[in-house]
Amino acid sequence: MIDFLKKILSNRSSKFGFFIILLYVVLAIVAPFIALPYKEYDPYIVRQHGFEVEPKKPSLTYLFGTTQNQYDIFYAMIWGTRLAFKISISVVIISSIIGVVLGGISGYYGGFVDEILMRFTDVILSVPSLVLAMIIAVVLGPGIDNIIFAICCVWWPSYARMFRSEVLRIKNLNYVLYSKISGGNTFWIFKRHILPNSIYPVIIMASLDIANVVLLASSLSFLGIGSPQGYADWGQIIAMSRNWIMSSFSQPFSYAHTVIIPSSFIFFFVLGFNLVGESFRDIFDPKIK
Amino acid sequence: MKKYLIKKIFFIPLTFLGISFIIFFSINMLPTSILATGYASTDKELTKKDIEELIKKYDLDKGILKRYISWLSKTFCGDLGYSTSAKMSVTDAIKLYLPATCELALFSIIPIFLIGNFLGLKSAFKRNSYFDKIVKFLSTFFYSMPSFVIGIVILYVFYGIFGIFKPQRYSLETEILISSGNFTIYTGFMILDSIINLNLQVLFDSLMHLLGPSLAIFVGTSAIFIKITRSSALEELNKDYVRMLKAKGLDYNCIVSKHIRKNILIPQITIGGFQFIRLLSGVVIIETIFDWPGIGSWGVKSAWQLDIAGLMGFSLLISAFFLIGNLVIDILYVIVDPRIRYD
């Protein structure tokens, strides 16, 4: 494992990627100190400076300026980072647990159970994830927990399939068969032999998937289906900037900050994960460089 | 091969049935009175008394399985319901919106294939040159950009600052012209129709509206296409037969066009085909940003307005695209590479 990390960090672009991710992690951790919570009961509600409609330019008081209805962009971005991590990490953990349990059962026992479960994942995977998540989120109504649930519903099948194929590979290896003959019970074999040997691909896939979950979640909020109004969510802030595309002809850049700042926040987040992901792929598949 | 295809074709309706049940089940978590609107056939029906009648008629107060069966029998008769967000029946709405989405998808997939092929192959051949580095950097750059960011930025730059590439499908004057009766709609593809009608104004106008969203799709999708072309071409270039061809004295163009291009078709079909299905299924986000009156923006609108029939119709249509598209990709594999056999 340490060897592996060393290999990844030897690449310049993946080093850059790691650096970006680290920055975001630090930003998410120190969020309460650099952007004091606005509403004590729910810090994710964006600070609002008055109720004027027109966005204000960045200044010393409002570091990144304000967007529509005077939502503070700096506050929204900082807490948005935390929200992005909150959503993506919970989705990834929940769906990998579901994936490991169902994929494990399906791969280990095979037969009828396997057939049913795999057909079920087939069905879910043949609906575009954005569409299915959109339907579930619409039905549940706005809310962070609802988004997490909706994304989990579309996210676990790929983990289940991946873990299943790993289990299929390992369950017929000699040491597992030997353990079976020696009288180890199923749960013990699973815990002791199969899980430690097949969990790594799932962990790697899950950690790289964080960016994709964030993308899906912010696409939902962008479409107005995700987080409640006024939440510190990158997608929502970008959606607000849609109303300020047209600016007066004398000053074409007066509202540019409402578009550029949230866009670059989400862009660098995804870029960081993609750079690291690319070098992962290079290590696993050294043929292509 | 035949056996595989028959099995596959046999499974498609089954999977489709499963999909329809899952979507139906998720939507049916909504309150009954909202659900009843999905069964109405016109806007006029929707008084409180009518809703109660609809609930009775379609067993909306009964169990989920019974409801599903009654919905299924209704759907099989070709009645997909009335879409309250489009203010017409779902079948009419699909007929209206599908050509717009198809036009956009076709218009953007062709440059993606051509330019993506060119850039990917070139940068693979000139590996580690400045050209390669720039292409690699740009494709990673745009690959990491979420589609809504690309869309917003393009709309901002080309519409907000320069005032060209307007959102929507055509401007007001053209809409008046189209509805005036001097313009006949044959295919629903504005570009084709304007050429058939010999109307340059409509042609220019619809082109200007088409360029914005298709540029946004092009930028986002070609990045992944270039990446896959480049890496699979590199893999081919390392193979022995290419070295042999080089030793034989064949020049770059011949190696590329006669050998490499054919051998990298499989990954290209996988990625390109998948992207095309995704485009057809309405690039939900790009269509919403550019107010493009296609399947995707209709789906989002019906989600906002809790238009049950519209949402059902939209998601079933998209899933059908996915299933059929994947089948076509499977068949294309065999046509392109006769070594592949599904046994």
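## Cavities, core and chains of a predicted two-chain model

The second largest cavity of this predicted model has a volume of about 80 Å³. Three elements of chain A give two or more residues to the lining of this second largest cavity: helix H4 (73–109), helix H9 (186–222) and helix H10 (234–241). H4(A) gives the most, with 4 residues. The lining consists of A:Gly80, A:Leu83, A:Ala84, A:Ile87, A:Val214, A:Ala217, A:Ser218, A:Ala232, A:Asp233, A:Trp234 and A:Gly235. By residue type, this lining divides into 7 nonpolar, 3 polar and 1 charged.

In total, the structure holds 2 cavities of 30 Å³ or more. The largest cavity has a volume of about 110 Å³. Of the 15 residues that line the largest cavity, B:Gly38, B:Tyr39, B:Trp71, B:Ile308 and B:Met312 are the closest to its centre. In chain B, helix H1 (2–27), helix H4 (64–76) and helix H16 (308–336) each supply at least two residues of the lining of the largest cavity. The residues of that lining divide into 9 nonpolar, 4 polar and 2 charged.

Where does the largest cavity lie with respect to domain 1 (31–79) and domain 2 (98–336) of chain B? Both domains give residues to its lining, and therefore the largest cavity lies between them.

### The nonpolar core

The largest nonpolar core has 169 residues. The residues with the most contacts inside this core are A:Met134, A:Ile151, A:Phe222, A:Trp234, B:Ile27 and B:Trp298. The largest share of the core, 15 residues, comes from H4(A). Domain 1 (31–79) and domain 2 (98–336) of chain B both contribute residues to the core, so the core lies between these two domains.

Two elements of the description recur here. A:Trp234 belongs to the lining of the second largest cavity, and A:Trp234 is also among the residues with the most contacts inside the largest nonpolar core. Similarly, H4(A) gives the most residues to the lining of the second largest cavity, and the largest share of the nonpolar core comes from H4(A).

### The two chains

Chain A has 11 helices and 0 strands, and the pattern read along its sequence is α-α-α-α-α-α-α-α-α-α-α. The secondary structure of chain B, by contrast, comes to 16 helices and 2 strands. The table sets out the extent and burial of each chain.

| Chain | Box filled by the C-alpha atoms, along the principal axes | Buried residues |
|---|---|---|
| Chain A | roughly 80 × 45 × 35 Å | 54% of 289 residues |
| Chain B | roughly 85 × 55 × 35 Å | 50% of 343 residues |

### Confidence of the prediction

The model scores ipTM 0.85 and pTM 0.88. The mean pLDDT of chain A is 86, and 96% of its residues reach 70 or more. Within chain A, confidence is lowest in helix H1 (residues 2–9), at a mean of 73, and highest in H4(A), at 92. Chain B averages a pLDDT of 84, and 97% of its residues score at least 70.

### Individual residues

Two residues other than glycine merit attention for their backbone angle phi. Phi of A:Asn69 is near 60°, a positive value. A:Asn69 is placed in the loop between helix H3 (31–34) and H4 of chain A. With a relative accessible area of 22%, A:Asn69 is partly exposed, because the partly exposed class lies between 20% and 50%.

In chain B, phi of B:Asp291 is near 55°, again a positive value in a residue other than glycine. B:Asp291 is found in the loop between helix H14 (284–289) and helix H15 (295–304) of chain B. The relative accessible area of B:Asp291 is 41%, so B:Asp291 counts as partly exposed.

Is B:Gln275, in helix H13 (residues 265–280) of chain B, buried or exposed? B:Gln275 counts as buried because its relative accessibility is 8%, and buried means under 20%. The C-alpha atoms of B:Gln275 and B:Phe225 are separated by 8.9 Å, while the two residues are 50 residues apart along the chain.

Conventions
Residues numbered from 1 in each chain as written. Chains lettered and ligands numbered in written order. Predicted model: local features only at pLDDT ≥ 70, side-chain atom pairs only at ≥ 80, totals over all residues. Heavy atoms only, no water. 1 Å grid on protein atoms, 1.4 Å probe; cavity = no way out; pocket = protein on both sides within 12 Å on 5 of 7 lines; lining within 4 Å. Points joined across faces, edges and corners; volume = space filled by probe spheres on them. Nonpolar A, V, L, I, M, F, W, Y, C, P; charged D, E, K, R; others polar. Domains from an automatic or database assignment. pLDDT = per-residue confidence, 0-100. Core = buried A, V, L, I, M, F, W, Y, C linked by side-chain atoms within 4.5 Å. Buried < 20%, exposed > 50% of the residue type's maximum accessible area, 1.4 Å probe, protein only.
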